[in-house]
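Q: I have the sequence and the coordinates open. Please take me through how to read the main features.

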Amino acid sequence: MKFMKLGSKPDTFQADGGSDSRYVLSDLPSDIVVHVEEARFYLHKFPLLSKSSLLQRLIIEASQNGADEVYLHGIPGGAKAFEICAKFCYGMVVTLNPYNVVAARCAAEHLGMTEDVDKSNLVFKIEVFLNSGIFRSWKDSIIALQSTVALLPWSEELKLVARCVDSIAAKATASPGTVVWSYTYNRKAASSDEIVEALRCSSSSKAVPRDWWVEDLCELDVELYKRVMVAVKSRARVPPDVLGEALRAYAARWLPESCRDTPATHDDACSMEVLETIVWLMPSDDGGSSSCCCSCQFLLNLLKLAVLVGAGELLREELMDRVVPLLHEASVNDLLIPARPQTDTAYDVQLVEALVGRYMRRTGRNAGDGISLDGIDREDVFETYMEADESLLSLCKLVDGYLAEVATDPNMPVSSFIGLATTMPESARPAHDGLYTAIDVFLKLHPDLSKSDKRKISSLMDVKKLSKEACIHAAQNDRLPLRIVVQVLFFEQQRAGSTSTPLLLATSAAGDGSTRLELEDDCWKNRALALALPEPPTPTPTAALRNQLGSMSLKLVDEDRRRVDGGGDRRLARSASIANQSSRLSLSSRSRRIFDRLWVAGKPLGEVVSKSSDTSGSSQSPRSSGKPLDSNKSSSRSRRYSVS
């Protein structure tokens, strides 16, 4: 820290006990009393008259009126600043430093201690110290700038504020290689993501970060910080990462660390002013790259605080517009924005839904946009998903995770849950495990939902996009509607059949011992129609597969005829029964019971499922028999099976 000593005589100013009286130890009695605020200075006329034009006028006026007292009103810096000026008049030792130099400069100007009164007067001395010491030092310039706040408007009229700002801006925009002064830098050093400018010097020299000036400026109040940042941006092009770090550090210094901090510990008006300044200092939107200077987490934290302190609509809209391009980089915790006090919910789900909606409109995607599954193999579908925008896939995972988090709120309405879940297009959600988790949490924390609400929420997920583990969990989930459980079982049975036996083979033997092999294609259609599945796939066997299955079955029939005369029917029936039982071994006990009630050998599933609803009823599972079925008798039997 720079300092300057003026004068050579010893300091003989004394205070009179606990009073506000000050006097000079001298053989001569004082002949003038100067009142400055509440303090009284017992001084001598001659030293004052030789240095100050204002005191000359006041003392002459007092002498003409026969008085020995003068009053100084509105002197900048008060009694302390006047004492410095008075000591200079007596030639006593005065120490100027960054903390008192601005006050002394303003007081000297007010008293008229200029070159017109005496050469090398106080104003001249202070200007020399400012130019040669204060403005050449980084930290001294900041200290002097901070002291100008209490001396307005004098410091502004004397251009002291502007000169301090220019000095700080010039040093902040200097090349890091020319930084030879001390600065504050408490952040991690030598990290991979540190903003460092490599110095072209010896390896023993320490690199100076490009954002070395950020922390020292955080001590300025918001108005001075704004002026300094404007000056820094006007002198040179500040890299976006450095500017973002400066704004983040200033927000960490003056804003609540968490949006959960009580408003009583922070001044809402001050926080509002800091918020507005930070947003105002962000670069304008040029080609959508304005938000690159700040991370999505930082912007969302500002948005949280804006909601907490009740910021205006324009400020919130500005923050939302800056968040939207980076929304896919956020985390679930970043999106947990507290709801306004007037609402019953814990989090502002509508605000998040608005952010996601703006993101979709910005990317030109709608919630209804998706990839049609008609005529596309499952492998082709996943290849198409892999080609989708990665940011959109990341955003969808973020939305599903956010839904699972806010689903724990007991006051979360069904409409808000469905509204946010449907903002994402189908192409952005290749897997529905995350959505299923959110649905399961919502159903668990909201046990009093009506059946219609449960159906609405459960119908958000597509069981065909659940993983094997999720399907196993869903098949045993008592909270899901029965229709969804049946859909899961149907899809799992279909997926299991595609890996072992592509289609259901139903065999029946005629009375004369001949064997028929039928491919129950319509069986899957009827079952999907009865269960109201969305766009059920219709597997169609190729000609080669039909021929292969037919030849295998005929070969089996011929072998049975040669080995056991008349026993072929039992062999085929027993083989079909074993295949049926083995295909169900992977299902859980609850799932197997439901599936047994839906399974009827030799009959279309559309005739089995009498009604697709959540009601339960009696059921019966037919068993395979060793005797061939009589077509006339089987057609005359009329049985109804319902799902429970």
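Q: Leaving aside its neighbours within four places in sequence, which residues is Leu72 in contact with?
A: Keep in mind that this is a predicted model. Outside that window of four places, Leu72 is in contact with Val34, His35, Val36, Glu37, Leu54, Leu55, Leu58, Phe82 and Leu111. Leu72 is also one of the residues that touch the most other members of the largest nonpolar core, along with Leu43, Phe82, Trp213, Leu217 and Phe417. That core has 162 residues.

Q: In what order do the strands form the open sheet?
A: Strands of a sheet pair through backbone hydrogen bonds, either parallel or antiparallel. Here 5 strands form an open sheet, in the order S2-S3-S5-S4-S6, and the pairing is mixed. Strands S2 (13–15) and S6 (69–72) are at the edges; each has a single partner strand, so one side of each has no neighbour in the sheet. From one strand to the next, the twist averages 25°.

Q: Which strands pair in the parallel sense, and over how many bridges?
A: Strand S4 (residues 32–36) pairs with S6 in the parallel sense over 4 bridges. Strand S3 (residues 21–24) is likewise parallel to S5, over 3 bridges. Within the S3 and S5 pair, Ser21 stands opposite Arg40.

Q: How do S4 and S5 run, and how many bridges join them?
A: S4 and S5 run antiparallel and are joined by 5 bridges. They form a hairpin with 2 residues between the strands, and Glu37 in the turn has a positive phi of about 55°. His35 has a bridge partner in S5, Arg40, and another in S6, Tyr71.

Q: Which helix packs on the sheet?
A: Helix H2 (residues 53–64) does, touching S4 and S6. The direction of H2 makes about 140° with that of S6.

Q: Along strand S5, which side chains are buried and which are not?
A: The thing to look for is alternation along the strand. In S5 (residues 39–43), Ala39, Phe41 and Leu43 point to one face and are buried. Arg40 and Tyr42 point to the other face and are not buried.

Q: How many residues of helix H6 are buried?
A: Of the 10 residues in H6 (residues 138–147), 8 are buried, so the helix is mostly covered, where buried means under 20% relative accessible area. The buried residues are Trp138, Asp140, Ser141, Ile142, Ile143, Ala144, Leu145 and Ser147. The cover over them includes helices H4 (101–111), H8 (160–172), H9 (214–217) and H10 (222–235).

Q: How many salt bridges does the structure hold?
A: Side chains of opposite charge can pair when their charged atoms come close. The structure holds 20 salt bridges. One of them joins Lys87 and Asp11, with the closest N and O atoms 2.7 Å apart. This pair links distant parts of the chain: Lys87 is in helix H3 and Asp11 is in the loop between strand S1 (4–6) and S2, 76 residues apart. Lys87 is buried, with a relative accessible area of 13%, whereas Asp11 is partly exposed at 39%.

Q: Where do Arg316 and Glu313 lie?
A: Both are in helix H14 (residues 313–323), 3 residues apart, about one turn of the helix. Their side chains meet in a salt bridge of 2.4 Å, N to O. Arg316 counts as buried at 10% relative accessibility, and Glu313 is partly exposed with a relative accessible area of 46%.

Q: Which parts of the chain does the pair Lys465 and Glu426 link?
A: The side chains of Lys465 and Glu426 meet in a salt bridge (3.0 Å, N to O). Lys465 is in the loop between helix H21 (451–458) and helix H22 (468–475), and Glu426 is in the loop between helix H19 (414–421) and helix H20 (433–445), 39 residues apart. Lys465 is buried at 12% relative accessible area, while Glu426 counts as partly exposed at 36%.

Q: Which residues do salt bridges that share partners join into one network?
A: The network is made of Asp11, Arg22, Glu83 and Lys87. Glu83 lies in helix H3 (residues 78–90) and is buried, with a relative accessible area of 17%. A polar contact of 3.5 Å joins the side chains of Glu83 and Arg22. Not counting residues up to four places away in sequence, Glu83 touches Phe13, Arg22 and Phe41.

Note on methods: Residues numbered from 1 in each chain as written. Predicted model: local features only at pLDDT ≥ 70, side-chain atom pairs only at ≥ 80, totals over all residues. Heavy atoms only, no water. Pairing = 2+ DSSP bridges. Axes fitted to C-alpha atoms, helices over the stretch in contact; angles between N-to-C directions. Contact = heavy atoms within 4.5 Å. Buried < 20%, exposed > 50% of the residue type's maximum accessible area, 1.4 Å probe, protein only. Polar contact = N/O pair within 3.5 Å; in protein donor to acceptor, adjacent residues only side chain to side chain. Core = buried A, V, L, I, M, F, W, Y, C linked by side-chain atoms within 4.5 Å. Salt bridge = Lys/Arg side-chain N within 4 Å of Asp/Glu carboxyl O.
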